[in-house]
Amino acid sequence: PGLRLGWLISTDAERYERLRTAKFLTTIACSAADEFAATRLLHHRGEILATQGARLAHALAELEDWLAGQPLDWVRPDGGALCVVRLRAAEFSDAAVAAFHGGLGEFDVRVAPGSWFGEDDRVFRLGFGHLAPGDFRAALDRLGQALKAFGQA
């Protein structure tokens with residue numbers, strides 16, 4: 001995460017033009033430093049991907065274990081370091097969803113409500129690839145405390 005580089009191939013001419021126009025409207029040019037870093041990363045991809053893959057697999061397993069006891073549904077990702085979770089309607093009224101998002105700061109936790117991404121506010125994204133293992137566990141514990149504080153029986 002952080003390097004915003006990539007390539008797109010499309011056989012759909014209309015889609016290609018829409019995406020090309022969007023690219024021109026949102027990016028003047030990729031930074032030379034980002035392109036240099038991406039080139040270096042590509043040269044060492046085997047080593048980097050193995051290390052990061054092991055780290056992400058461990059974090060995903062920890063997240064999956066933690067989720068088993070939470071009032072959340074989730075979509076297990078096929079790849080990457082981000083998943084989508086949903087506050088269960090049976091345990092979170094609409095008011096409780098709003099209170100949950102409004103009160104997360106009390107627990108030193110931040111997640112963006114789904115409406116930021118065109119979803120219902122019951123949905124939020126949960127990243128698992130950024131924090132060190134001990135910090136990740138502590139963040140999950142704080143998120144769990146927030147879920148208990150704002151959920152309803």
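**Confidence.** I started with where the predictor is least and most sure of itself: helix H2 (residues 32-43) has the lowest confidence, at a mean pLDDT of 83, and helix H5 (residues 133-150) has the highest, at 95. This is a predicted model, and I noted the average for the protein, a pLDDT of 88, with 94% of the residues scoring at least 70.

**Strands.** Next I looked up how the strands pair. S1 (residues 72-75) runs antiparallel to S2, and I get four bridges for the pair. Trp74 has Val85 in S2 as its bridge partner. Six residues sit between S1 and S2 in this hairpin, and Gly80 in the turn has a positive phi of about 85 degrees.

On to the other pairing of S2. With S3 (residues 123-127) S2 is also paired in the antiparallel sense, over five bridges. Here Cys83 has Leu126 in S3 as its bridge partner.

Which side chains of S2 (residues 82-87) are buried? I find an alternation: Cys83, Val85 and Leu87 point to one face and are buried. Leu82, Val84 and Arg86 point to the other face and are not buried.

**Helix H3.** I checked the span of H3 (residues 45-67). Its 23 residues reach 31 Å from the first C-alpha to the last, close to the 33 Å expected at 1.5 Å a residue. The buried residues I list for H3 are Ala59, Leu60, Glu62, Leu63, Trp66 and Leu67. I made a note on the spacing: an α-helix has 3.6 residues a turn, so residues three or four places apart point the same way. What covers the buried residues of H3 includes S1, S2, S3 and H5.

**Core.** Then I looked at the largest nonpolar core, which has 26 residues; Leu63, Phe100 and Leu143 have the most contacts inside it. H3, S2, H4, S3 and H5 are the elements giving two or more residues to this core. H5 gives the most, with six residues.

What does Leu143 touch, leaving aside its neighbours within four places in sequence? I get contacts with Trp66, Phe100, Leu104, Val109, Phe124 and Leu126. Two of these names were already in my notes: Trp66 from the buried residues of H3, and Leu126 as the bridge partner of Cys83.

**Odd backbone angle.** Last, I looked up Asp108, which has a positive phi of about 55 degrees although it is not a glycine. Asp108 lies in the loop between H4 (94-103) and S3. Is Asp108 buried or exposed? Its relative accessibility is 56%, so I count Asp108 as exposed, the cut-off being over 50%.

Key. Residues numbered from 1 in each chain as written. Predicted model: local features only at pLDDT ≥ 70, side-chain atom pairs only at ≥ 80, totals over all residues. Heavy atoms only, no water. Buried < 20%, exposed > 50% of the residue type's maximum accessible area, 1.4 Å probe, protein only. Pairing = 2+ DSSP bridges. pLDDT = per-residue confidence, 0-100. Expected span 1.5 Å × (residues − 1). Contact = heavy atoms within 4.5 Å. Core = buried A, V, L, I, M, F, W, Y, C linked by side-chain atoms within 4.5 Å.
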